[in-house]
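Biologist: I'm new to this one. Can you put it up and talk me through it?

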Amino acid sequence: MRRLLPVVFAVACAPVEVDKPTPAQGDTATSSSNTSSDPTSTTPVTDAAPDFANPAEAIDSDPADNVLHVALTAGTKSHAIGDQVIDGYAYNGQTPGPTLRAKIGDTVIVDLQNDLDVESTIHWHGVSVPWAMDGVTWQTAPIAAGAAFTYTFEVTEAGTFWYHPHFDTESQVDLGLYGVFIVEDPSDPVADDELILVFDTWDEQHDDAAEDVADHHGLDSTRTLWTVNGLVQPIYTAAGGERVRVRAVNVSNTGYLDLPPTLLIAGDQGLLPAIDDQVRPLLAPGDRAEFEWGMDTLWVLQGQPYSLNGGPAWGDPYDLMTLTVSLPTTSVPLDWGLSGALPTSDPGFTDITYVFTGEAGGDGWMINGEIFPDVTIETVPLGAEVIVEVRNLSPTEHPFHLHGHHFEVLSTGGVPPAFQSIEDTVNVRIGEAIRLRLVADNPGDWMAHCHILPHAHQGMMTVLRVGP
Ligand code: C2O
Ligand code: CU
């Protein structure tokens, strides 16, 4: 099977010089707050910046209201990133792939046509699908080159999810195979607009060079070219006074996004119990977050340098996108009717412990000293409440992700969250222990792994068996 990688990464690894739009007056108003009205901050930014656009949505071919039936074709694609062309892959020729939009209770049918010259699958990241639909190739064959497969499942939880291959994941995701999967709750308030922000990086190290990842990405994240929906620093323009619901997904293989505090309304698994406008949301690879932004004045969304070798890093913030308005004004926040649910108290016992070890340039990245697929399968009974402790004894951070289930974060470094926190991907900092509670209600052999894809590729992955 021929791989496109050498060509692609010759291009993709080249250092990229990005022309930053003039930070203008937006900068100060901006990263800390998006609600203040500063009439001096309406200076137009550079006209070279592309207009923001949401990824086009997949067409639903089923007239029934409770069925979403779409067709996805995985094929090759030349991604136009800034002024570069990067040969890779895409679904339906789009960067990112089509957004799938369903609502709670819908049946989802996805016909995948694999037009790649390699095998592939689709995994529904964050969605509790039946095991046979999970797109992993543990005990099941991937979809052959030229072959087709139909995924079918029901969606029962609202949230911002995403889909990507789970075969040769590190390369296939990196090459552009990913899209957003939205499950709506019809009882949510309706915002004036919805922005879908798919964040990716385009200069990642790869495969053989993967041991350099920590060095390359950890020390200076401003060297990474971030795109939003494949666009370099796009501009979104609103009339002024709109409230927008923002669904953000970090699909980067290794890049962390440390964003400014804004109205954080949802995490991986739907609306939070309470709005948080104080925390700097950290989107590790695979993570999602939702925000409510008031389109009141010009501001620039900036990321803060973040090192997987130890968190917030030295350096200047970097621009991700510009949001501007024709007429500065003041908007009124939506009422999300949030639950205020408090965290479950920690029962104190631990059923499963996952210890992360390894180091850049070492013998592999491991969970409990094991390298996938040579792993011990932990089994828990169907329906059991399971307490998992994830400990990170390695010198880099790792986002822990579990398939087929969501989990509640009971504590991080011994500290419970202020409100109930339901996630499927959670970053574990160096030396930290995170305690998670899940109800093992979905039978199957579920992958549990680090979502830094080169780490998973090098073995940081295990299997949790639910059921007999
Ligand atoms: Cu998004 Cu096992 O992955
Ligand atoms: Cu990792």
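Biologist: Which residue stands opposite valine 244 in E17?
Modeller: Tryptophan 293 in E17 stands opposite valine 244. The two strands concerned, E12 (residues 242–250) and E17, pair in the antiparallel sense over eight bridges. Strands here are DSSP runs of at least two residues, numbered from the N terminus, and two of them pair if DSSP finds at least two bridges between them.

Biologist: Before we go on, what sort of model is it?
Modeller: A predicted one, where local features need pLDDT of at least 70 and side-chain atom pairs pLDDT 80 or more, while totals for chains, interfaces and linings use all residues. Residues count from 1 along each chain as written, chains are lettered from A and ligands numbered from 1 in the order written, and side-chain values use heavy atoms, without hydrogens or water.

Biologist: Back to E17. Which residue in E17 does leucine 263 stand opposite?
Modeller: Glutamate 292. That contact belongs to the pairing of E14 with E17, which is antiparallel and has three bridges.

Biologist: How many of E17's residues are buried?
Modeller: Eight of its eight residues are buried, buried being under 20% relative accessible area, exposed over 50% and partly exposed in between (1.4 Å probe, protein chains only). On one side of E17 these are Arg288, Glu290, Glu292 and Gly294. On the other side are Ala289, Phe291, Trp293 and Met295, so both faces are covered.

Biologist: What lines the largest pocket?
Modeller: There are 36 lining residues, with Leu264, Val279, Leu282, Ser421 and Glu423 nearest the centre. Strands E14 (263–267), E15 (270–276), E16 (282–283), E17 (288–295), E27 (407–412) and E29 (425–428) each give two or more residues to that lining. A pocket is an open set of points on a 1 Å grid over the protein atoms alone where a 1.4 Å probe fits, with protein on both sides within 12 Å along at least five of seven lines; lining residues have an atom within 4 Å of a point.

Biologist: Which strand gives the most to that lining?
Modeller: E15, with five residues.

Biologist: And the second largest pocket, which residues are closest to its centre?
Modeller: Ala158, Gln269, Gly270, Leu271 and Leu272, out of 25 that line it. E15 turns up again here, with the largest share of the lining at four residues. Strand E28 (422–423) and E15 each supply at least two.

Biologist: New topic. What holds the copper ion (ligand 2)?
Modeller: His398 through ND1, Cys450 through SG and His455 through ND1, at 2.0 to 2.1 Å. Donors are N, O and S atoms within 2.8 Å of the metal (3.2 Å for Na, K and Ca), and water is not among the atoms, so sites may look incomplete.

Biologist: How are those donor residues spaced in sequence?
Modeller: As H-x51-C-x4-H. Histidine 398 is in strand E26 (residues 398–402) and cysteine 450 in strand E31 (residues 444–450), so this pair ties together parts 52 residues apart in sequence.

Biologist: Is histidine 398 buried or exposed?
Modeller: Buried, at a relative accessible area of 0%. Cysteine 450 counts as buried too, also at 0%.

Biologist: What's the strand order in the open sheet of four?
Modeller: E3-E8-E7-E5, with mixed pairing. E3 (100–103) and E5 (123–125) are the edge strands, each with a single partner, so one side of each has no neighbour in the sheet.

Biologist: How many bridges join E7 to E8?
Modeller: Five, between E7 (residues 159–164) and E8 (residues 179–184), running antiparallel. In one of these strand contacts, threonine 160 has isoleucine 182 in E8 as its bridge partner.

Biologist: Where are the cis peptide bonds at proline 96 and proline 373?
Modeller: One runs from threonine 95 to proline 96, with omega near -10°, and proline 96 sits in the loop between strand E2 (84–91) and E3. Another joins phenylalanine 372 and proline 373, with omega about 5°. Proline 373 is in the loop between strands E23 (366–367) and E24 (378–380).

Biologist: Why mention those?
Modeller: Because most peptide bonds are trans, and most residues other than glycine have a negative phi.

Biologist: What is phi at asparagine 92?
Modeller: Near 50°, so positive in a residue other than glycine. Asparagine 92 lies in the loop between E2 and E3 and is partly exposed at 35%. Glutamine 139 has a positive phi of about 70°. It is in the loop between E5 and strand E6 (148–154) and is exposed, with 55% relative accessible area.
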